[in-house]
Amino acid sequence: MLDPKLIKEKPEIIRKMLTDRHVQFDLDLLISLDSNRRELIIKTDEMRKQKNKVAMEIASKKKSGQNADASIAEMQKVSQELQTLEANQIKTESEYNRLNMTMPNLVHESVPIGADDSANVVVRSWGTIPKFDYKIKDHIDISQNLGLVDLERAAKTAGARFYYLKNNLVRLNQALLHFALDFLAERQYGLVQPPYMINRNSMEGAIIADDFENVIYKVQDEDLFLIGTSEHSIAAMHADEILEGKDLPIRYAGISPCFRKEAGAHGRDQKGIFRVHQFEKVEQYVFARPEDSWNEHEKMLAIAEEFYQKLEIPHRVMLLSSGDLGKVSAKTYDIEAWMAGQNSYREIVSCSNCLDFQTRRLKIRFRDKTNEQTQHLHSLNSTLVATTRTLVAIMENFQTQDGHIRVPKPLQKYLDTDII
RNA sequence: GCGGGGGUCGCCUAGCCUGGUAGGGCGUGGGAUUGCUAAUCCCAUGUCCGUAAGGACCCGUGGGUUCAAAUCCCAUCCCCCGCGCCA
């Protein structure tokens with residue numbers, strides 16, 4: 001959610017953001033709802049003032065034993081008028097809020113302007129693309145030959161985009177998670193295993209309406225939704241809190257399964273475990289002071305890059321263009337890993353600064369002294385590792401001529417082997 | 001799941017029975033005073049509207065009763081204690 005004051009005072013900034021993002025949004029409606037709502041607030045406040053005045057009259061008359069009938073009659077009238085005004089105000093207010101909740105975040109000035117991912121910019125590349133002097137396989141062939149993944153039976157029991165991981169791939173999956181947690185713990189991140197289901201209010205704080213339909217699974221008959229990432233749970237963790245300035249920044253390493261509908265991805269990455277409904281992820285989530293957030297953003301990216309360098313997975317850093325940017329984010333870097341079996345770079349990390357967009361929805365504020373004005377925090381999130389995609393990168397890049405998989409060095413101690 | 005207790009403006013707490021502008025302490029900031037790293041006193045301290053003066057709102061949440069609700073009634077969520085069930 002954006003600051004209502006910004007919308008009122010500098011609508012041209014919002015209008016530019018909407019054009020840059022190529023998003024359709026009825027800004028004029030929002031602005032007129034806003035001025036409506038302000039007018040109604042003034043009117044109802046005045047009526048309430050009147051009501052308070054009469055209430056005091058009644059109280060003092062009763063106390064001194066005078067007849068209060070005339071005042072009570074007036075009070076009845078005022079109360080009734082107030083009721084209609086209030087109903088009107090609440091209606092306008094909620095219309096305004098509903099529309100405002102669908103408004104995307106601002107776009108940072110460093111973000112390239114463009115309609116879609118073709119305008120994304122390569123920031124830097126790391127590692128050398130592996131050369132093979134034999135015919136290589138994709139992760140599906142490799143894993144099936146080694147009995148590491150069962151997709152057919154998963155299709156039977158759950159449907160498309162599900163999988164049974166088996167044997168040493170289960171261990172490799174766990175090793176990635178273990179390594180990722182150790183990696184962030186070393187960097188003073190607090191470890192968090194959050195609720196895998198959260199209520200609507202919490203979910204609405206972290207995401208924008210469209211996502212409910214396209215990515216989020218709802219639990220039948222409960223006010224609960226399966227998280228698409230631990231970001232959702234962790235964002236809402238401090239909702240309605242005022243944090244102490246001295247505790248900032250707060251850096252969390254979230255570990256959780258992630259559940260995604262993948263609606264609207266029909267036909268893309270249909271086979272294998274690259275795009276699936278369920279995977280595990282270790283996530284970086286940071287609450288920072290507004291003035292520190294851009295610095296924190298770069299730090300989080302650097303940590304993610306270092307992680308893949310340790311794993312020796314070649315990758316490149318992309319800066320997403322305005323048209324490709326998620327609605328909640330003001331600036332996003334993706335890390336794309338080289339996937340030998342697909343002969344291309346594919347997204348494995350997404351690192352975003354959401355400014356005060358989520359914290360405003362969730363009312364997460366801070367202050368240094370208890371008598372100071374509170375301020376909304378900035379929130380940032382970045383993948384450290386999403387297991388299935390990294391498994392694909394490892395299988396495809398580290399495959400051997402005889403169809404086995406070399407285990408990346410940092411993971412060997414967790415698996416007790418250097419080859420699968 | 002059952003029984004009992006509870007949720008008050010950053011934190012702690014009074015008020016609830018007996019409805020009439022939410023009081024105190026701590027913390028924090030500012031000021032006053034006494035010559036000293038202290039004590040005492042005063043003011044401020046959340047949200048919204050308003051350029052401001054000022055006003056409105058805020059007692060877990062949502063309804064209801066009433067001229068008027070922190071207070072009474074109903075529903076609901078959460079926490080604590082006991083019992084039951086359970087990986």
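## Arg275 and its surroundings

Is Arg275 of chain A buried or exposed? With a relative accessible area of 11%, Arg275 is buried, because anything under 20% counts as buried. Keep in mind that this is a predicted model.

Arg275 sits in the loop that joins strand E8 (250–259) to strand E9 (278–288). Setting aside neighbours within four places in sequence, its contacts are Arg161, Glu262, Ala265, Arg268, Asp269, Arg346 and Arg389. With one of these, Glu262, there is a side-chain to side-chain polar contact at 3.2 Å. Thr387 gives a feel for how the chain folds back here: Arg275 and Thr387 are 112 residues apart in sequence, yet their C-alpha atoms are 11 Å apart in space.

## The chain as a whole

Let's step back to the overall layout. Chain A has 14 helices and 15 strands, and its C-alpha atoms fill a box of roughly 100 × 45 × 40 Å along the principal axes. Of its 420 residues, 49% are buried. Among contacts with a separation of 6 or more, 73% link residues 24 or more positions apart.

The chain is divided into domain 1 (4–100) and domain 2 (117–415). The contact between them draws on 4 residues from domain 1 and 7 residues from domain 2. The C-alpha centres of the two domains lie 43 Å apart.

## Around RNA strand B

Now for the RNA. There are 25 residues around RNA strand B, and those that come nearest are Asp45, Met75, Arg367, Thr370 and Asn371. On the RNA side, sugar and phosphate make up 74% of the strand's atoms that come within 4 Å of the protein. Sorted by class, the protein surface near the strand has 10 charged, 8 nonpolar and 7 polar residues.

Helix H3 (27–63), helix H4 (69–100) and strand E13 (364–367) each supply at least two residues of this surface, and H3 gives the most, with 13 residues. Some individual side chains are worth a look. Asp45 has a polar side-chain atom 2.8 Å from a sugar or linking oxygen of RNA strand B, and for Arg367 the corresponding distance is 2.9 Å. Arg38 has a side-chain N or O atom 3.0 Å from a phosphate oxygen of the strand.

## Helix H10

Which residues of H10 are buried? They are Ser230, Glu231, His232, Ser233, Ile234, Ala235 and Ala236. Helix H10 spans residues 230–237, and because 7 of its 8 residues are buried, the helix is largely enclosed by the rest of the structure.

The N-terminal end of H10 is capped by Thr229. A side-chain oxygen of Thr229 lies 3.0 Å from the backbone nitrogen of Glu231.

## Cysteines

How many disulfides are there? The count comes to 0. A disulfide is a covalent bond between the sulfur atoms of two cysteines, and the cut-off applied here is 2.5 Å between the sulfurs.

Two cysteines show why they fall outside that limit. For Cys258, the closest cysteine sulfur belongs to Cys354 and is 16 Å away, too far for a bond. For Cys354, the closest cysteine sulfur is that of Cys351, at 9.9 Å, which is also too far for a bond. As for their surroundings, Cys258 is buried, with a relative accessible area of 0%, and Cys354 counts as buried at 2% relative accessibility.

Methods
Residues numbered from 1 in each chain as written. Chains lettered and ligands numbered in written order. Predicted model: local features only at pLDDT ≥ 70, side-chain atom pairs only at ≥ 80, totals over all residues. Heavy atoms only, no water. Near = heavy atom within 4 Å. Polar contact = N/O pair within 3.5 Å; in protein donor to acceptor, adjacent residues only side chain to side chain. Helix = DSSP H or I, 4+ residues; strand = E, 2+ residues; numbered from the N terminus. Nonpolar A, V, L, I, M, F, W, Y, C, P; charged D, E, K, R; others polar. Buried < 20%, exposed > 50% of the residue type's maximum accessible area, 1.4 Å probe, protein only. Domains from an automatic or database assignment. Contact = heavy atoms within 4.5 Å.
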